[in-house]
Amino acid sequence: MSDDTTRDIFIAGLKNAHAMEKQALSIMEPQVKRIENYPDVAARLEDHIRETARQIDRLDEILTSFAEKNSSLKDAALSFTGSMAAFSHTVTGDEILKNSMTNFAFEHFEIAAYRSLITVAELGGFPAMVNPLQANLNEEIAMAAWLEDNLRSTTIKFAKLKEAGRSAKM
Ligand code: MG
Ligand code: FE
């Protein structure tokens, strides 16, 4: 494989990851503002929003080192739309459950993206880029694991709140 090929694949992947992280913020930020009854979920989302900002910084640093101007970055809308999470769930009483599922799916999308990007970094001989990408990947794995671990307790809490007639509040 030519150096140009792997470099092009890598830069495209970095830009996609950058767009993905912006999308992640657009999914999580509206959610966290609406949560009232699930403070542990809100706290973990706040943590991951801060992590995501640092992930974007890491991607920016890598892109800058490839002499790609950040201003030229176009964060194309991904097919995995944040609007799905941010809006349609709000009209039904079970948005905490649907958002939990959306977030779980999105974290696994991110995990796949970083695994692929790390592979390209290795193929292209960019070993210095692997560590920051691995740092992002580790945070996605941790967030996905947290969501998985908390799906049951969140569901039980939702059912109890619903029984108490408080289902309208996330
Ligand atoms: Mg992320
Ligand atoms: Fe994430």
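## Exercises on a two-metal helical protein

At 14% relative accessibility, F126 counts as buried. That's a small taste of what you can read from this predicted model. Let's work through some more.

**Exercise 1. Work out which elements the protein has and in what order they run.**

Start with the count: there are five helices and zero strands. Now walk from the N terminus, and you pass α-α-α-α-α. Next, look at how the chain folds back on itself. Among contacts with a separation of 6 or more, 80% are between residues 24 or more positions apart. Finally, check the surface: of the 170 residues, 45% count as buried, and the protein exposes about 8,900 Å², with 56% of that supplied by carbon and sulfur atoms.

**Exercise 2. Find the residues that hold the magnesium ion (ligand 1) and say where they sit along the chain.**

First, list the donors. E21 shows up twice through OE, and Q55 (OE1), E110 (OE) and E140 (OE) join in, at 2.0 to 2.5 Å. Second, put them in chain order, and the spacing reads E-x33-Q-x54-E-x29-E. Third, place two of them on helices: E21 is in α1 (residues 3–34) and E110 is in α4 (residues 95–123), so this pair ties together parts that are 89 residues apart in sequence. Last, ask about cover. Buried means under 20% relative accessible area, and E21 comes in at 0%, so E21 is buried. E110 is also at 0%, so E110 counts as buried too.

**Exercise 3. Do the same for the iron ion (ligand 2), then find the residue that coordinates both metals.**

Go through the protein donors: H48 gives NE2, E107 gives OE twice, and E110 and E140 each give OE, lying 2.1 to 2.7 Å from the iron ion. Along the chain, these donors follow H-x58-E-x2-E-x29-E. Zoom in on the short gap. E107 and E110 are three residues apart in helix α4, so about one helical turn separates them. E107 has a relative accessible area of 3%, so E107 is buried. Now for the second part: the iron ion and the magnesium ion are 3.0 Å apart, and E110 coordinates both.

**Exercise 4. Trace the largest nonpolar core.**

This core has 42 residues, and F10, L14, I35, I96, Y114 and L133 are the ones that touch the most other members. Which helices feed it? Two or more residues come from each of α1, α2 (39–65), α4 and α5 (127–163). Pick I35 as a sample. Leaving aside residues up to four places away in sequence, I35 touches V41, A42, L45, I96 and M170.

**Exercise 5. Classify the ring pair F66 and F126, and say what the pair ties together.**

The structure holds four aromatic pairs. For this one, the ring centres are 5.2 Å apart and the planes meet at 85°, so the pair is edge-to-face. Then locate each ring: F66 lies in the loop between α2 and α3 (82–86), while F126 lies in the loop between α4 and α5, so the pair ties together parts 60 residues apart in sequence. F66 is at 10% relative accessibility, so F66 counts as buried. To finish, add a third ring: ring pairs link F10, F66 and F126 into a cluster.

**Exercise 6. Find the residue that lies over the face of Y38.**

Look above the ring of Y38. There you'll meet K157, at 5.5 Å from the ring centre.

Technical notes:
Residues numbered from 1 in each chain as written. Chains lettered and ligands numbered in written order. Predicted model: local features only at pLDDT ≥ 70, side-chain atom pairs only at ≥ 80, totals over all residues. Heavy atoms only, no water. Donors = N, O, S within 2.8 Å, 3.2 Å for Na, K, Ca; no water. Helix = DSSP H or I, 4+ residues; strand = E, 2+ residues; numbered from the N terminus. Buried < 20%, exposed > 50% of the residue type's maximum accessible area, 1.4 Å probe, protein only. Core = buried A, V, L, I, M, F, W, Y, C linked by side-chain atoms within 4.5 Å. Contact = heavy atoms within 4.5 Å. Areas by Shrake-Rupley, 256 points an atom, 1.4 Å probe, with all protein chains shown as cover. Phe/Tyr/Trp six-rings, centres within 6.5 Å; stacked < 30°, edge-to-face > 60°. Lys NZ or Arg CZ within 6 Å of the ring centre and 35° of its normal.
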